Amino acid sequence: MDRRTIGIALGGVTGRMGYRQHLVRSLLAIREEGGLPLRDGSRLWPELVLVGRSEAKLREIAERHGLTDWSTDLTATLARPDIQIYFDAQVTSQREKALRMAIDAGKHIYTEKPIAEDLAAAVDLARLADGAGLKHGVVQDKLFLPGLRKLDRLVKGGFFGRILSIRGEFGYWVFEGDWQPAQRPSWNYRAADGGGIVVDMFPHWHYVLEQIFGRVNAVTAHVTTHVPTRWDENGDAYEATADDAAYGIFEIEGGVVAQINSSWAVRVYRDELVEFQVDGTEGSAVAGLRNCRIQHRATTPKPVWNPDLPATEDFRSQWQVVPDNEEFDNGFKSQWELFLRHVVEDEPYTWDLWAGARGVQLAELGLQSAREGRRIEVPAL
Ligand SMILES: NC(=O)c1ccc[n+]([C@@H]2O[C@H](COP(=O)([O-])OP(=O)(O)OC[C@H]3O[C@@H](n4cnc5c(N)ncnc54)[C@H](O)[C@@H]3O)[C@@H](O)[C@H]2O)c1
């Protein structure tokens with residue numbers, strides 16, 4: 001079988017997302033399958049160059065996975081004609097600089113979110129990439145998760161009738177780091193290092209809302225730092241200067257109201273780490289990362305408020321499981337495959353730097369709403 005190669009430079013591959021989701025679960029998984037099947041019957045083989053600051057760490061990862069190409073010199077890597085795509089999963093604060101270098105070097109761009117720390121930079125990156133005639137994409141992994149794919153199927157199939165509201169609950173307890181190590185990197189809790197739950201999660205909520213339900217017209221947010229002191233990777237105490245919880249209301253076109261709580265200071269009494277309940281005139285659904293349950297209008301019980309009596313109904317058992325009806329691959333891998341097809345076969349691709357910029361915009365306006373204590377309309381970019 002014919003094999004075509006595509007050179008991809010990977011930045012931030014020693015990090016949580018870069019290593020596990022993008023290198024191992026996506027690109028190496030595509031290689032394990034013999035490459036990505038293309039329309040002409042050939043297979044696309046990703047040739048990977050790991051780029052980072054620590055030669056020892058890069059070499060260790062490369063050797064662990066039988067890779068031979070790594071570099072601590074991004075400029076030199078981007079100058080290589082055999083590299084067509086630059087991917088970035090570095091800490092957020094380092095992203096803009098690397099993406100600018102890659103665009104200048106004429107490489108297609110694929111990147112983790114948020115694409116930049118502020119809207120002006122995000123829009124500038126999208127303009128530059130367009131102006132240079134480059135393909136670009138941003139990771140919007142939640143859209144490719146089984147639970148949200150099933151939710152999207154329900155919306156497209158008209159299950160809900162008129163959609164009224166969406167309630168999202170995201171979060172879990174992130175340990176402070178003193179008596180048990182924190183399970184997330186400490187930069188996430190320092191504003192100066194690009195941390196904060198709004199900057200991290202509002203870009204996700206933006207694409208979930210926009211792509212499944214419609215344009216986000218306005219945002220009202222209350223943002224806070226519940227846990228003011230944390231302990232870093234070395235066990236040293238530091239001041240948590242970034243927000244660790246955000247309580248947001250998003251107004252969506254058509255009068256739909258979405259209310260999403262995001263918190264790293266909440267304990268989980270849910271089935272999944274994120275869940276969205278959607279209520280419509282004809283039915284409701286609760287979707288998580290993997291599962292989706294529905295209740296149709298015809299099977300909706302009629303609870304009567306009476307605090308003198310114990311609950312007589314088992315409400316959770318009154319919902320029906322939405323079947324998979326298809327095989328769901330890893331969401332990051334699915335999106336990589338679409339992006340690679342976009343680059344080599346010119347397949348359409350919705351999740352570009354402009355979509356990423358709208359996510360950054362919502363985060364920025366959410367923070368402004370919290371600072372000024374008011375509702376803010378979201379202007380078109
Ligand atoms: N799509 C998702 O669901 C998702 C989830 C978590 C994080 N993210 C995003 O992925 C990115 C990485 O997050 P993570 O949790 O993997 O972080 P991480 O701290 O585990 O990894 C960060 C990477 O950046 C590198 N890095 C750190 N400081 C650097 C510096 N000063 N200069 C150059 N490189 C530096 C590290 O070596 C590492 O490779 C963030 O932008 C984050 O917003 C996305």
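Trainee: How many helices and strands are there in the protein, and what makes a run count as one or the other?

Mentor: The protein has nine helices and 18 strands; both are DSSP runs numbered from the N terminus, where a helix (H or I) needs at least four residues and a strand (E) at least two. This is a predicted model, in which local features need pLDDT of at least 70 and side-chain atom pairs count only at pLDDT 80 or more, while totals for chains, interfaces and linings use all residues. Residues are numbered from 1 along each chain as its sequence is written.

Trainee: What makes the radius of gyration of the protein agree with that of a compact globule?

Mentor: The radius is taken over C-alpha atoms, and the globule rule is 2.2 Å times the number of residues to the power 0.38. For 381 residues a compact globule would come near 21 Å, and the protein has 22 Å, which agrees. Along the principal axes, the C-alpha trace spans about 70 × 55 × 40 Å.

Trainee: Which domains does the protein have, and where do their bounds come from?

Mentor: The bounds come from an automatic or database domain assignment, which gives domain 1 as 3–138 + 331–351 and domain 2 as 142–328. Their centres, taken over C-alpha atoms, are separated by 29 Å. Nine residues from domain 1 and seven residues from domain 2 take part in the contact, where two residues are in contact if their C-beta atoms, placed from the backbone, lie within 7 Å.

Trainee: What is the make-up by class of the shell around the ligand?

Mentor: The shell has five nonpolar, eight polar and six charged residues, with Ala, Val, Leu, Ile, Met, Phe, Trp, Tyr, Cys and Pro counted as nonpolar, Asp, Glu, Lys and Arg as charged, and the others, Gly among them, as polar. Of the 19 residues around the ligand, Gly15, Arg16, Met17, Gln90 and Pro185 come nearest, a residue being near if its C-beta atom, placed from the backbone, lies within 6 Å of the molecule. Helix H1 (residues 16–32) gives the largest share of this shell, three residues.

Trainee: Why is Asn325 called exposed?

Mentor: A residue is exposed if 12 or fewer other C-beta atoms lie within 10 Å of its own, buried if there are 20 or more, and partly exposed in between, with C-beta atoms placed from the backbone. Asn325 has 8 such atoms within 10 Å and is therefore exposed. Asn325 is found in the loop between strand E17 (320–321) and helix H8 (331–345), and has a positive phi of about 60 degrees although it is not a glycine.

Trainee: How do you know that Asp346 counts as exposed?

Mentor: Asp346 has 9 C-beta neighbours inside 10 Å, so it counts as exposed. Its place is in the loop between H8 and helix H9 (353–372), and Asp346 also has a positive phi of about 60 degrees without being a glycine.

Trainee: Why do E17 and strand E18 (376–377) stand at the edges of the sheet?

Mentor: Nine strands form an open sheet of mixed pairing in the order E17-E16-E15-E14-E8-E13-E12-E9-E18, and two strands pair if DSSP finds at least two bridges between them. E17 and E18 each have a single partner strand, so one side of each is left without a neighbour in the sheet. Within this sheet, strand E15 (residues 283–287) and strand E16 (residues 292–296) pair in the antiparallel sense over five bridges, and Ser284 stands opposite Gln295 in E16.
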